[in-house]
Amino acid sequence: GFLLIKPSTSLFYELQAIVQEGDWRGGKGWGGTGIGYFYGGPTIQGLVPYFFRAVRPGSMRILERCTYNNMADNPYFSDSGECRDKTPHKGCSDCRAWDLANVKGTHFTICQKPWNCVWHGK
């Protein structure tokens with residue numbers, strides 16, 4: 001995963017309190033909400049979605065993934081052509097065609113190493 005945050009002492013203490021309370025339930029996730037029940041769910045990968053969806057909904061902002069977490073991946077499901085990120089009307093960003101001058105961060109998870117990626121002409 002990728003997380004870009006603006007430091008906040010109060011936010012840190014809220015997250016710390018949730019971890020110290022330890023209300024993560026196997027098969028049910030944080031607070032029994034179903035958020036974070038998956039592999040890695042008891043860690044930051046489940047804690048952050050739980051916090052911003054259940055504890056402080058509306059207090060986060062989702063950034064353009066091709067700018068801040070570019071994986072040079074195909075944004076569409078091969079069977080349906082729908083966007084993987086659930087953007088409506090097949091209007092998702094194709095990070096493979098993103099102008100590199102606009103990329104602030106990359107995430108080598110799809111190809112593992114950039115020299116293993118398939119060239120897409122840009």
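Mentor: Buried means under 20% relative accessible area, exposed over 50%, and partly exposed in between, with a 1.4 Å probe and protein chains only. This is a predicted model, where local features need pLDDT of at least 70, side-chain atom pairs count only at pLDDT 80 or more, and totals for chains, interfaces and linings use all residues. Residues are numbered from 1 along each chain as its sequence is written, and side-chain values use heavy atoms, leaving out hydrogens and water.

Trainee: Why is R25 called partly exposed?

Mentor: R25 has a relative accessible area of 38%. That value falls between 20% and 50%, so R25 is partly exposed.

Trainee: What makes D23 and R25 a salt bridge?

Mentor: The term asks for a side-chain nitrogen of Lys or Arg within 4 Å of a carboxyl oxygen of Asp or Glu. The closest N and O atoms of D23 and R25 are 2.9 Å apart, so the pair meets the cut-off. D23, at 25% relative accessibility, is partly exposed.

Trainee: How many salt bridges are there in the structure?

Mentor: There are four. Among them is R65 with D73, at 3.0 Å from N to O; both of these residues are buried. Another is R96 with D94, at 2.8 Å. R96 has a relative accessible area of 24% and counts as partly exposed, and D94, at 24%, is also partly exposed.

Trainee: Why is the run of residues 9-21 called helix 1?

Mentor: Helices are DSSP runs of H or I with at least four residues, strands are runs of E with at least two, and both are numbered from the N terminus. Helix 1 has 13 residues, so the length condition is met. Its C-alpha span from first to last is 18 Å, close to the expected 18 Å, where the expectation is 1.5 Å times one less than the number of residues.

Trainee: What puts the buried residues L11, L15 and I18 on the same side of helix 1?

Mentor: They cover an arc of only 55 degrees around the axis, which puts them on the same side. The arc is taken from the directions from the helix axis to the C-beta atoms. An α-helix has 3.6 residues a turn, so residues three or four places apart point the same way.

Trainee: Which residues does the face turned away from the buried side of helix 1 carry?

Mentor: That face carries the exposed residues T9, Q20 and E21. The cover over the buried residues includes strand 2 (29-30) and helix 2 (44-55). Just after helix 1, G22 takes a positive phi of about 70 degrees.

Conventions. Contact means heavy atoms within 4.5 Å.
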